[in-house]
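Please open the structure in your viewer and keep the selection tool at hand. The tour below moves from stop to stop, saying what to select and what is found there.

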Amino acid sequence: MSADDPQAKPRVRTGQTPTELSKDEFIHRWNQNFYDSAFEKKRAELDAIGEIAWEAYHDSRKAPRTRKAGPGFADPEHELSIEWLDAREKIIAAQKQHDSKESKTRVLLICASPRTDQTCPSEMSKTFRLTKTAEEIFAADHEIDVDFLDLSVLTAEYGRKIYPCKACVSTAMPLCHWPCSCYPNHYLGQTHDWMYEIYPRWVAAHGIMIVAPVHWYQVPSVFKLMMDRLVCADGGNPDPTSTHGKTPEEAKALGILLEITEPDALLTRARELATSIAAKPPLAVRYCKRLLKLAQQQSLAEHLDVCSSFQAICHKTDDHHEALTAFREKRRGNYKGR
Ligand SMILES: Cc1cc2nc3c(=O)[nH]c(=O)nc-3n(C[C@H](O)[C@H](O)[C@H](O)COP(=O)(O)O)c2cc1C
């Protein structure tokens with residue numbers, strides 16, 4: 001079988017630093033949650049609960065509460081995490097709110113500094129003050145709802161965490177589920193992840209404003225954590241049953257995947273997609289097609305240069321003006337190709 005053979009089984013390379021703990025090491029780390037000597041009077045109970053935590057770890061019980069995926073998923077019999085299904089429902093509701101003509105324009109305003117007077121730095125961050133000023137300006141416009149997201153609480157609040165992106169997308173696009181299915185991971189103690197609350201807030205927003213200080217020439221880590229975990233919002237696989245959870249061979253075999261359709265619904269869905277592409281501004285669609293073709297021949301630098309030129313042309317069209325007006329008025333654009 002050659003590497004170019006489409007029938008070849010995808011190869012998954014493994015063998016990185018082992019992470020499995022011995023029982024002694026696991027119990028030692030688990031007990032650090034109860035370092036305060038006040039817990040010692042319940043030592044017998046803690047030891048008994050420690051045994052349960054060890055069993056959960058040993059059995060890799062990532063999502064201990066599940067139910068069958070049901071209709072609409074590639075494998076309706078596959079067990080999905082109830083927490084993941086709840087998060088998905090909230091995202092669907094946020095999308096409806098976003099699209100509704102009745103809902104007000106919503107701005108997500110993000111304070112991306114970790115500094116807060118509620119913990120060690122003991123002083124209010126400048127970023128927070130600037131973000132509050134922006135909030136006052138938005139709030140003065142009664143047509144706008146403002147959702148204030150203060151990432152500094154990550155450093156100060158109990159049970160408030162954003163875990164790092166595990167980068168499933170780098171193995172294969174379909175392995176990156178939307179919303180993220182990596183957390184919570186109960187057997188690893190990776191709980192209290194904030195992203196299931198944050199995803200719907202991004203989805204419901206029509207506009208997003210981020211105010212951030214510079215930390216080592218970069219955005220602060222609190223912001224970067226959130227940003228990386230949004231990779232699944234950009235074309236992530238909405239159906240974890242298609243990869244039976246995290247099965248890399250299945251994900252690699254699927255290749256690039258945006259959605260799964262029943263075979264008898266394929267033509268209808270393809271027509272729907274074609275209609276939605278044809279309803280977009282004709283010039284922008286033509287340039288996109290051209291850019292896809294040019295990308296095969298050009299260097300990255302050349303290609304980015306052509307992309308920005310095409311974008312500049314599109315920005316000067318009547319259709320661009322119409323697109324912005326339609327977005328504000330929450331209606332479909334009516335494009336003329338000019
Ligand atoms: C970890 C860390 C790294 C920083 N790196 C930079 C930097 O690369 N460039 C810079 O101009 N300031 C840097 N600063 C300073 C902060 O950007 C500056 O104090 C900022 O005003 C803090 O905003 P805040 O009041 O919202 O916390 C750094 C501060 C911290 C804590």
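Before the first selection, one term is needed: helices and strands here are DSSP runs, with a helix having at least four residues and a strand at least two, and they are numbered from the N terminus. Please also keep in mind that this is a predicted model.

**The loop between H5 and H6**

Select the loop between helix H5 (153-156) and helix H6 (195-204), where proline 179 is found. The peptide bond that leads from tryptophan 178 to this proline is cis, with omega near -5°. Proline 184 also lies in the loop between H5 and H6, and a cis peptide bond, with omega about -5°, joins it to tyrosine 183.

Stay in the loop between H5 and H6 and select histidine 192, which has its place there. Although histidine 192 is not a glycine, its phi is positive, at about 65°. Is this residue buried, exposed or partly exposed? Histidine 192 has 14 other C-beta atoms within 10 Å, so it counts as partly exposed.

**The loop after S5, and the ligand**

Now move to the loop between strand S5 (207-211) and helix H7 (221-229), and select tyrosine 217 there. Tyrosine 217 has a positive phi, near 65°, in a residue other than glycine. With 5 C-beta neighbours inside 10 Å, tyrosine 217 counts as exposed, because the cut-off for an exposed residue is 12 or fewer.

Tyr217 also belongs to the surroundings of the ligand, so select the ligand next, together with Ser113, Arg115, Ser125, Lys126, Thr127, Pro213, Val214, His215, Trp216 and Tyr217, which surround it. If you colour this shell by residue class, it divides into four nonpolar, four polar and two charged residues.

**Helices H10 and H11**

Select helix H10 (residues 282-295) together with helix H11 (residues 300-315), and turn the view until you can follow both axes, which come within 11 Å and cross at roughly 175°. This crossing angle makes H10 roughly antiparallel to H11. Where the two helices meet, Leu283, Ala284, Tyr287, Leu291, Leu294 and Ala295 in H10 face His303, Val306, Cys307, Phe310 and Cys314 in H11 across the contact. Sorted by class, this contact of H10 with H11 has 10 nonpolar residues, one polar residue and no charged ones.

**Arginine 13 and threonine 171**

Go next to the segment before helix H1 (23-31) and select arginine 13. Arginine 13 counts as exposed, with 7 C-beta neighbours inside 10 Å. Add threonine 171 to the selection: arginine 13 and threonine 171 are 158 residues apart in sequence, while in space they are 9.8 Å apart, C-alpha to C-alpha.

**The whole protein**

Finally, clear the selection and look at the whole protein, which has 12 helices and five strands. Its C-alpha trace spans about 75 × 60 × 40 Å along its principal axes. You can colour the protein by its division into domain 1 (23-58), domain 2 (66-254) and domain 3 (263-329). How many Å separate the centres of domain 1 and domain 3? Taken over C-alpha atoms, the centres of domain 1 and domain 3 are separated by 56 Å.

Of the 338 residues in the protein, 20% are buried. Among contacts between residues at least 6 apart in sequence, 67% join residues at least 24 apart.

How values were computed. Residues numbered from 1 in each chain as written. Predicted model: local features only at pLDDT ≥ 70, side-chain atom pairs only at ≥ 80, totals over all residues. Near = placed C-beta within 6 Å. Nonpolar A, V, L, I, M, F, W, Y, C, P; charged D, E, K, R; others polar. Axes fitted to C-alpha atoms, helices over the stretch in contact; angles between N-to-C directions. Parallel < 35°, antiparallel > 145°, perpendicular 65-115°, else oblique. Contact = placed C-beta atoms within 7 Å. Domains from an automatic or database assignment.
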